[in-house]
Every structure is written in structure tokens, then in C-alpha cells.
Amino acid sequence: MFVFCIIMGLLMVGGGAACMASPVATYFQTGYVVGAMVLAYGIVGFVRAFNGLAHPLEGIVSLAAIILGTAFFFRPGTVEAFDAVMLYVLAGWTCAQGLFEAIVAVRTRDVRRYWVLGLLSGLLGIALGVYTFVHPMVAAITLGWLIGLYFIEDGVSLITLALTAKKVRDELLG
């Protein structure tokens, strides 16, 4: 798991740099990426519910996700409509993730050697979310930068978490 987290963190940092290099392309492609993610979530959730590994309600929600994810690709205007509201969804998500990350960093400071980086990462996430709420039109133009920064900070956070988890595991086992 340690190696997987390091690789994912590095990929997120590289992906964030690519988003920042081409922010306009990032903005226009984000809807398709989210559509693919919703479709994949729906398929996995439906299979889990069908096999009895999840609550039947998850199967219903997953079916709705399959329909929505399919609409992203085959219904004209769906991606454009999503792009119109995506800024506010992203702002709320970024604020919530940043708050959670900051709380976890502070609460685990006795165990995490790099807890300050987690705290700074969380505060950056909150700041990006608030900025997007306050300036949605400016954020629409700079969405690639915001997503790129978010990927970079999340990648760095994942790397520091993996290094900390490895240290804790080594201390517990050895």
C-alpha cells in the first residue's frame, strides 16, 4: 500500500502540473472526466448491490449514477450544463475536504511527523474553495489552475501520509 500511495501521489502531482500548463483544456475536459467517474461509480456500486455486498439502496443510487454518467456522453448539452454548476460543487467539495484534512492533521499531530504539511494542505483547500465561491467567473477562467493546485496539494498530502504510515508501521512491528 505504501508504494501505491507514493505512486498515486506522484501521479497526482504530475497531473496537477499538466492541468496548470493547459488550464483552458482542463476546464473543457473536466465534465467528461467527471462523467466517466460517475459512470464507473455507478457500475461498481450496482455490481456490489447485485451481488449482495451492498445495501439495495446503493443499487438504486448506482443505477441513477449509471444513467447520469451515460447522459454525460450521449445527451447534448449535459457536459456544458455540468460545467456551469461545477464551480460551486467544486468549491463546496474543496472546502469540505480541506476542513477534514486540517482536522485530521491536527488530531494526529502526535503520530504524524509531517502533520504541518497536512494542515497547510487542508488550509489551502479551504482557501481555494472560498475563492471559488466568491469569484465564480474568475474561477471559471482559472479552473485548470485550481484543479492543478488541488491535485498537487492532494498528491503531496498522500505522499506525506504514506511516509508517516510506513514510519508508524515500522515502529509498531519493529
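Buried residues make up 36% of the 174 residues in this protein, and I should say at once that what we are looking at is a predicted model, so please hear every value today as something computed from that model. The protein has 7 helices and 0 strands, and if you read along the sequence you meet the pattern α-α-α-α-α-α-α. Taken along the principal axes, the C-alpha atoms fill a box of roughly 55 × 45 × 25 Å. If we take the contacts with a separation of 6 or more, 73% of them are between residues 24 or more positions apart.

Let me turn to helix α3, which covers residues 56-74, and to two of its residues. S62 lies in this helix, and because its relative accessibility is 0%, S62 counts as buried. What does the side chain of S62 reach at 3.4 Å? It reaches the backbone nitrogen of F46, and when we leave aside the neighbours within four places in sequence, S62 is in contact with Y41, G42, G45 and F46. A64 also has its place in helix α3, but with 45% relative accessibility A64 counts as partly exposed, since that value falls between the 20% limit for buried and the 50% limit for exposed. From C-alpha to C-alpha, A64 and V38 are 9.5 Å apart in space, although 26 residues separate them in sequence.

Now to helix α2, which runs over residues 23-50, and to a glycine in it. G35 lies in α2, and is G35 buried or exposed? Its relative accessibility is 0%, so G35 counts as buried. Which residues does G35 touch, once its neighbours within four places in sequence are left aside? They are G69, F72 and F73, and for one of these, F72, we can give a spacing: G35 and F72 are 37 residues apart in sequence, yet their C-alpha atoms are 5.3 Å apart in space.

Next, the pockets. Rolling a probe the size of a water molecule over the atoms shows where empty space is left. The largest pocket has a volume of about 550 Å³, and of the 23 residues that line it, the closest to its centre are T30, V34, W93, I147 and F151. Which helices supply at least two residues each to this lining? They are α2, α4 (78-107), α5 (115-134) and α7 (143-173), and the largest share, 8 residues, comes from α2. By class, the lining of the largest pocket divides into 17 nonpolar residues, 6 polar residues and no charged ones.

The second largest pocket holds about 160 Å³ of space, and its lining is made by Q97, F100, E101, V104, R112, D154, S157, L158 and L161. Here α4 and α7 each supply at least two of the lining residues. How many residues of each class does the lining of the second largest pocket have? There are 4 nonpolar, 2 polar and 3 charged residues.

Two residues of that lining, E101 and S157, come up again when we look at S121, which is found in helix α5. S121 is buried, because its relative accessible area is 7% and the cut-off for buried is under 20%. Not counting residues up to four places away in sequence, S121 touches E101, E153 and S157.

That leaves the nonpolar core. In soluble globular proteins, nonpolar side chains tend to be buried together. In this model the largest nonpolar core has 14 residues, and those that touch the most other members are M86, L87, L143 and I147. Which elements give two or more residues to this core? They are α4, α6 (136-141) and α7, and α4 gives the most, with 5 residues. M86 touches Y27, T30 and L143, again not counting residues up to four places away in sequence.

Please notice, before we stop, where two of these names have appeared twice. I147 is among the core residues that touch the most other members, and I147 is also among the lining residues closest to the centre of the largest pocket. T30, likewise one of the residues closest to that centre, is touched by M86.

Methods
Residues numbered from 1 in each chain as written. Predicted model: local features only at pLDDT ≥ 70, side-chain atom pairs only at ≥ 80, totals over all residues. Heavy atoms only, no water. Helix = DSSP H or I, 4+ residues; strand = E, 2+ residues; numbered from the N terminus. Buried < 20%, exposed > 50% of the residue type's maximum accessible area, 1.4 Å probe, protein only. Polar contact = N/O pair within 3.5 Å; in protein donor to acceptor, adjacent residues only side chain to side chain. Contact = heavy atoms within 4.5 Å. 1 Å grid on protein atoms, 1.4 Å probe; cavity = no way out; pocket = protein on both sides within 12 Å on 5 of 7 lines; lining within 4 Å. Points joined across faces, edges and corners; volume = space filled by probe spheres on them. Nonpolar A, V, L, I, M, F, W, Y, C, P; charged D, E, K, R; others polar. Core = buried A, V, L, I, M, F, W, Y, C linked by side-chain atoms within 4.5 Å.
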